[in-house]
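Hi,

Here is the structure I promised to pass on to you. Please have a look at it first, and then read my notes below.

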Amino acid sequence: MGMKNPVYMDHNATTAVRPEARDAVALALALTGNPSSVHGSGRTARRLVEDARDAVAALVGAEPAWVVFTSGGTEANNLALRVLPKRAPILCSAVEHASVLSVMDGIVEIPVDGDGVVDLGALEALLAGEDTPALVSVMLANNETGVLQPVADVAALAHEHGALIHCDAVQAAGKMAIDFRTLGCDLMSLSAHKIGGPSGVGALVVTSGVEGDLALIPMLRGGGQERGRRAGTENVPGIAGFGAAARAAREGLTDFARLGRWRERIENRLRQHADSRVYGFGAPRLANTSCLTMPGVEAETQVIQLDLAGVAVSAGAACSSGKVEPSRVLAAMGVDANEAATAIRVSLGWNTTEDDADKFVEAWIQVYGQAQAHAA
Ligand code: PLP
């Protein structure tokens, strides 16, 4: 719409495809072969899938055999929550993504504090009250605020009470170092398009300890692909792109951490101009994410005005639909609904430049100034 080079500040919704991933997808598309076929063409396709499995496993310090490729983070979360038989209790933090919280009825929410960090005491009390094995699902990094959860502590508590721990690491992967074993997870969800791969591909990492009564219950049955855990001919180009993105993201972790400096400068400069509140400020956060208010200006208005000024941001968790609803995450943090309605999410990415950060600040100040002039 006549806009050249918009400043893209919505990397938590989806990020730019990395050149390495684009090349890997193109290469895979140029090949013919089903990974299940025994001939040479099939074996070539199989090699692409297994190379990608190694790279995805390496990104989070897991064993390649634990990686089950899926159609994305949503499917990985859905698959993870089906791990327990019958009606075993599922405890999820109140700030989980909809693809965790909406999977089934009867999910018990673990409360969070004012910064959005899960309340470990409340979790312990909930676990103590369960006499059947439970599944605890707590994300590593929140998509709206970037707030990090104490997943290793959550995992230790879960295991003490005989529960399994699933971690939605969709937003954390590629943005911070992740070690599956140190975190003590049993299951972890990942998504390619959040780390610079194509959309429509992801993975559920499942340790070999998830077996027997607690074995994964496949959602898709048919062929024996993914060791019977997810049937269907593999999305070879998508998986190859995911693998290439995982490698590039792992190599870029140090650079990514530097985004924290620009994020800090953005927050500091905005707060010189307005009484802007940054959610989750008191907690450890991803380096790239800022959820902040523009006093008195609806998020939807900000998104439109910033878009007109050539800057793409999102109002809350708008990675699902275009519509703006009150943020469940901010509500769980105890934020007043009227104030929450003025919060936008700004998320930087692997290809964000310092100039992008400055342009966002200028645009934000301009939009705020216009709103104030309008209100006067
Ligand atoms: N989990 C979190 C925390 C997310 O931010 C997203 C993003 O939409 C998802 C899961 C879903 O991933 P996907 O878009 O690959 O289905």
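**Strand S7 and its surroundings**

Both faces of S7 are covered, with Leu187, Ser189 and Ser191 buried on one side and Met188 and Leu190 buried on the other. Please keep in mind that this is a predicted model. The strand spans residues 187–191, and five of its five residues are buried, so I would call S7 mostly covered.

Which strands does S7 pair with? One partner is S6 (residues 164–168), which runs parallel to S7 and is joined to it by three bridges. Here histidine 166 has leucine 187 of S7 as its bridge partner. Another partner is S8 (residues 202–206), which runs antiparallel to S7, with five bridges between them. In that pairing, serine 191 is matched with glycine 202 of S8.

**The sheet as a whole**

S7 belongs to an open sheet of seven strands, ordered S2-S8-S7-S6-S5-S3-S4, and the pairing is mixed. The edges are formed by S2 (67–70) and S4 (108–110), each of which pairs on one side only. On average, neighbouring strands of this sheet are turned by 20° against each other, if direction is ignored.

Towards the S4 edge, S3 (residues 90–93) and S4 run parallel and are joined by three bridges. Leucine 91 has its bridge partner in S4, namely valine 108.

Two helices that pack on the sheet are worth a look. Helix H3 (residues 73–80) touches S2, S5 (135–137), S6, S7 and S8, and its direction makes about 165° with that of S7. Helix H6 touches S5 and S6, and its direction makes about 155° with that of S6.

**Helix against helix**

H6 (residues 151–160) also meets H5 (residues 120–128): their axes come within 10 Å and cross at roughly 15°. Angles under 35 degrees count as roughly parallel, and H5 and H6 are therefore roughly parallel to each other. The crossing of H5 past H6 is right-handed.

Which residues make the contact? From H5 they are Leu120, Leu123, Glu124 and Leu127, and from H6 they are Asp153, Val154, Leu157, Ala158 and Glu160. By type, the residues of this contact divide into six nonpolar, three charged and no polar.

If you open the model, you could start from S7 with its two covered faces and then move on to the H5 and H6 contact.

Best wishes

Definitions and conventions:
Residues numbered from 1 in each chain as written. Predicted model: local features only at pLDDT ≥ 70, side-chain atom pairs only at ≥ 80, totals over all residues. Heavy atoms only, no water. Axes fitted to C-alpha atoms, helices over the stretch in contact; angles between N-to-C directions. Helix = DSSP H or I, 4+ residues; strand = E, 2+ residues; numbered from the N terminus. Parallel < 35°, antiparallel > 145°, perpendicular 65-115°, else oblique. Left-handed = near helix turned anticlockwise from the far one by under 90°. Contact = heavy atoms within 4.5 Å. Nonpolar A, V, L, I, M, F, W, Y, C, P; charged D, E, K, R; others polar. Buried < 20%, exposed > 50% of the residue type's maximum accessible area, 1.4 Å probe, protein only. Pairing = 2+ DSSP bridges.
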